[in-house]
Amino acid sequence: MTRTRTPGISRRSTLALMGAGAMSVAAPWVARAQAKTIKIGMPTILSGRVAQLGTSSRNAVMLEVDKVNAAGGLAGRQIEMVIRDSKGQPQEAARVARELVNTDGCEWLIDGEASSGSFAVHEVARDLGVLCVHTCSEASSLTADPKQHIPNAFRCVRQGIHDSIVGGSYAASISKAKGLKKWATCSPDYAYGRDTTGEFTLYLKRFAPDVEIISESWPKLFQPDYTEVVTKILQAKPQALYSCLWGGDLTSYIDQANIYAMFGQMEVFAVNMADYTALTVVKNLPKGIHSGNRYIKSFPTTPENAAWGDAYKAKYNEYPTNWSWQNATAVMFLAEAAKKANSTDGKKIAEVLKGLTIKCPFGTDGTVTMRGDDHTLVGYAIGWGTTIPQEPYVPEVKAGDWKTIFELEAEWKKSKGYT
Amino acid sequence: MEEEQGLHLITHTAETADRLRRFRLVSAPYQARCNESAPVDLDALAGCLSSSACLVTQTTSGLIIGMLLFLVAVGLTLIFGVLKIVNFSHGAFYMFGAYFAMTAYQLTGSFALAMLAGAAGTAILGLIFERVFMSRVYGADVLMQLLVCYAFVLIFDDVVRLIWGPEFRSMGMPAAFQVMPLFIAGGVVPPYYLLLIGVALLAAIVLGIGLSRSRIGKVIRAAAHNPGMVSALGINTGLIYGGVFALGGMLAGLAGALAAPVRSLTPGMGFSVLIESFIVTVIGGMGSIVGALVGALLLGLIRSFGSLGFPLFTEGLMYLFMVIVLVSKPTGLFGKEAA
């Protein structure tokens with residue numbers, strides 16, 4: 001008699017598998033404590049319409065992590081990044097973040113989510129107590145609102161309120177110089193568009209009280225055609241136009257407004273223009289559009305910044321984005337903090353990060369600071385300039401003044417009941 | 001005068017500056033009334049209707065939105081009329097048309113070749129798609145057809161992502177059209193949009209005459225009416241079905257190609273156009289070419305004038321109009337009763 005072996009999983013291997021499974025479920029910390037490498041988890045947006053930004057975040061993180069690892073790692077431990085796609089959905093971002101910590105054994109999180117997802121990841125960080133650095137969310141309330149404050153989370157990102165103050169004061173100075181009193185706005189109809197436009201006009205009017213908004217347009221997000229908006233603005237005849245359209249929406253808008261010669265008839269302030277993703281796509285970029293800096297190689301005008309932009313381009317064959325410099329800065333902060341603490345313990349790192357100032361190519365004076373009282377990035381290069389149709393695209397950027405930013409930010413926080 | 005200061009950036013001729021100034025003056029009465037933005041701004045609308053400059057500008061704006069929509073919607077309605085299929089993947093042909101045109105333009109630098117590539121490329125794609133896939137689900141239930149189409153919406157989007165990348169692209173305006181807009185009765189009309197309206201209008205006329213007068217047109221109409229009889233008379237209905245699908249794809253592709261210089265190209269760009277095309281066919285009547293033309297133009301004009309009178313409700317206005325048509329005439333304005 002012969003016994004035929006049934007195909008499939010044998011009893012022995014099933015037992016072995018169950019045993020291994022039980023081990024890792026029962027004692028994840030054993031595996032963690034023994035690991036020589038430190039795993040850092042990162043949920044970010046790698047598919048969908050903003051995938052380009054998520055990819056540029058991953059690229060920047062890897063560029064810096066490679067440098068840290070080559071120099072010996074974090075307190076002697078090599079970094080292993082675990083980067084997952086959240087598809088830009090908050091609930092998915094939260095799930096991925098939780099899984100990265102609980103299942104993959106990541107000790108820290110870098111949160112590469114847009115503002116919608118960042119609040120969800122923030123709650124996961126609050127719940128699990130892991131060190132978390134937000135690297136993409138510009139929503140001011142994430143750190144300004146004391147209800148959001150937790151000791152283990154930091155924001156290494158430019159902030160909406162800073163941009164509004166600098167944009168408003170820049171636009172007001174141009175307004176006064178050129179006598180631009182009648183303004184129109186045209187921004188995408190969702191939270192970011194409404195908030196950013198509201199804050200910009202608030203500070204514009206504060207610095208230039210005689211400014212009047214005579215026309216508002218709120219096209220849908222991702223609207224394919226803006227012709228009716230363009231002609232409506234032409235009819236209203238403002239002297240200046242503000243827009244916080246971004247990405248493909250902004251380039252569509254420019255292409256369509258171009259053939260109505262709109263850019264010759266008014267000063268245009270488009271806060272998101274000076275980003276390589278938009279600058280390199282628009283074929284007929286008009287001269288003289290005012291824009292805030294996102295990431296641009298020429299500002300700050302230091303060899304360090306230019307070298308960083310070139311190194312990124314050499315490696316990935318495209319220019320970095322706004323999200324890139326923020327993610328790179330986060331890794332620089334973590335590396336410096338680990339060096340100072342001579343440890344990779346999340347609590348110790350968080351203590352060191354509070355108020356830490358590091359050398360950084362994206363600082364307005366060559367350094368940036370993680371402000372201690374609200375765990376947010378300050379001192380980064382922020383300014384406005386005008387475009388030209390070819391590289392360097394924005395030849396001169398007028399830097400914002402951090403003293404003014406701090407004063408008005410404190411006032412804004414008070415008005416919101418945050419302090 | 002404040003009027004002068006807005007002009008300082010213009011690097012064109014003094015004549016242009018003079019025209020722009022006239023444009024400002026002609027529509028001054030309207031302007032005085034639109035200095036506030038409210039949810040319903042009938043004053044702004046009335047002011048616009050009484051100013052020739054505003055009227056011309058907004059009408060051309062409505063026409064270009066409408067004519068591009070017509071090119072997409074007419075293919076949709078034609079395919080439904082003859083093949084009895086609701087082609088949910090029609091937006092993909094608009095997308096492919098735009099991408100084909102951009103690639104051809106980058107390779108050759110010729111605008112005419114770009115348009116040709118957009119139209120011809122999508123026609124071939126439509127033919128293959130119909131023969132290989134859609135022809136297998138004729139007569140199947142609607143859900144089956146819908147699922148096949150929807151699967152291809154996703155597949156086509158991913159194909160574009162694989163070939164051209166996930167980020168948005170721009171074709172750029174050909175140098176020949178980078179000129180100052182025309183000024184007609186004080187209104188602003190960009191020359192490129194004149195071309196666009198002209199091409200779409202030509203397509204509408206050729207299509208209308210071709211279907212009603214030519215022999216092929218008669219065969220197509222006969223095939224729509226009674227495919228069994230047409231087939232019995234020795235005419236290859238498969239060829240006709242394939243041809244109609246290719247024609248529909250070509251028109252959508254042409255719309256995409258014409259839109260490519262002014263709209264950004266992304267995977268999935270066909271979706272919003274498809275939705276609006278459905279509104280057009282519902283308003284105009286499924287299967288009616290005249291209905292598609294009228295529906296598309298109405299929608300374009302609703303958008304352009306609605307954005308003045310109802311700045312916060314422009315989108316809703318389109319749907320409201322659709323509801324009114326559906327309630328008062330469920331088959332659409334030009335739809336046949338119980339088709």
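**Arg303(B) and its partners**

I looked up Arg303(B) and found this residue buried, at 5% relative accessibility. The model is a predicted one, and I read every value below with that in mind. I then listed the acidic partners of Arg303(B). One is Glu315(B), with N to O at 3.5 Å in a salt bridge. Arg303(B) sits in helix α14 (residues 289-309) of chain B and Glu315(B) in helix α15 (residues 314-328) of chain B, so the bridge ties together parts that are twelve residues apart in sequence. Glu315(B) comes out as partly exposed, at 22% relative accessibility. Another partner is Glu228(A), whose side chain meets that of Arg303(B) in a salt bridge at 3.2 Å, N to O. I note the general point that side chains of opposite charge can pair when their charged atoms come close.

**Interface of chains A and B**

How many salt bridges does the rule find across the interface of chain B and chain A? I got three. For the contact I counted 51 residues from chain B and 43 residues from chain A. The area buried between the two chains is about 4200 Å², and carbon and sulfur atoms give 53% of that area.

**Other salt bridges**

Over all chains I find 30 salt bridges in the structure. In chain A, I followed a network of salt bridges that links Arg84(A), Lys87(A), Glu92(A), Arg95(A), Glu99(A) and Asp104(A). From this network I took the pair Glu92(A) and Arg95(A), with the closest N and O atoms 3.0 Å apart. The two are three residues apart in helix α4 (residues 90-102) of chain A, a separation of about one helical turn. Glu92(A) is buried at 16% relative accessibility, whereas Arg95(A) is partly exposed at 42%.

I also looked at Arg371(A) and Asp374(A), which form a salt bridge with the closest N and O atoms 2.8 Å apart. Are these residues buried or exposed? Arg371(A) is buried at 16% relative accessibility, and Asp374(A) is buried at 4%.

**Nonpolar cores**

The largest nonpolar core holds 189 residues, and I find that Trp183(A), Tyr253(A), Phe269(A) and Met273(A) touch the most other members. Helix α5 (residues 52-83) of chain B gives the largest share of this core, 14 residues. Another core, of 17 residues, lies apart from it; I noted Ala97(A), Val101(A), Val121(A) and Val130(A) among its members.

For Tyr253(A) I listed the contacts, leaving out residues up to four places away in sequence; they include Cys186(A), Tyr226(A), Val229(A), Val230(A) and Ile233(A). Leu241(A), Leu245(A) and Met262(A) are also touched by Tyr253(A).

**Two helices**

In helix α4 (residues 42-49) of chain B, I marked Ala44(B), Leu45(B), Gly47(B) and Cys48(B) as buried. Seen down the axis of α4(B), the buried residues fall within an arc of 165°, so they line one face of the helix.

In chain A, I checked Thr201(A), which is found in helix α8 (residues 191-207). Thr201(A) is buried, with a relative accessible area of 15%. Not counting residues up to four places away in sequence, Thr201(A) touches Thr185(A) and Ile213(A).

**Chain A as a whole**

I count 15 helices and 15 strands in chain A. Chain A has 419 residues, of which 59% count as buried. Of its contacts between residues at least 6 apart in sequence, 65% join residues at least 24 apart.

The mean pLDDT of chain A is 90, with 91% of its residues at 70 or more. Over residues 24-34 of chain A the pLDDT falls below 50, and this stretch has five contacts in the model beyond near neighbours in sequence. I leave that stretch alone, because predicted coordinates should not be read in detail where pLDDT is low.

**Backbone in the loops**

Which peptide bonds did I note as cis? One runs from Phe299(A) to Pro300(A), with omega near 0°; Pro300(A) lies in the loop between β10 (290-292) and α12 (303-316) of chain A. Another runs from Glu391(A) to Pro392(A), also with omega near 0°. I place Pro392(A) in the loop between β14 (383-386) and β15 (397-399) of chain A.

I then looked up positive phi values in residues other than glycine. Asn317(A) has phi near 60° and lies in the loop between α12 and α13 (322-341) of chain A. Asn317(A) is exposed, at 66% relative accessibility. Asn342(A) has a positive phi of about 45° and lies in the loop between α13 and α14 (346-353) of chain A. The relative accessible area of Asn342(A) is 62%, and I list this residue as exposed.

Note on methods
Residues numbered from 1 in each chain as written. Chains lettered and ligands numbered in written order. Predicted model: local features only at pLDDT ≥ 70, side-chain atom pairs only at ≥ 80, totals over all residues. Heavy atoms only, no water. Core = buried A, V, L, I, M, F, W, Y, C linked by side-chain atoms within 4.5 Å. Buried < 20%, exposed > 50% of the residue type's maximum accessible area, 1.4 Å probe, protein only. Helix = DSSP H or I, 4+ residues; strand = E, 2+ residues; numbered from the N terminus. Contact = heavy atoms within 4.5 Å. pLDDT = per-residue confidence, 0-100. Arc of directions from axis to C-beta. Buried area = accessible area lost by both parts, 1.4 Å probe. Salt bridge = Lys/Arg side-chain N within 4 Å of Asp/Glu carboxyl O.
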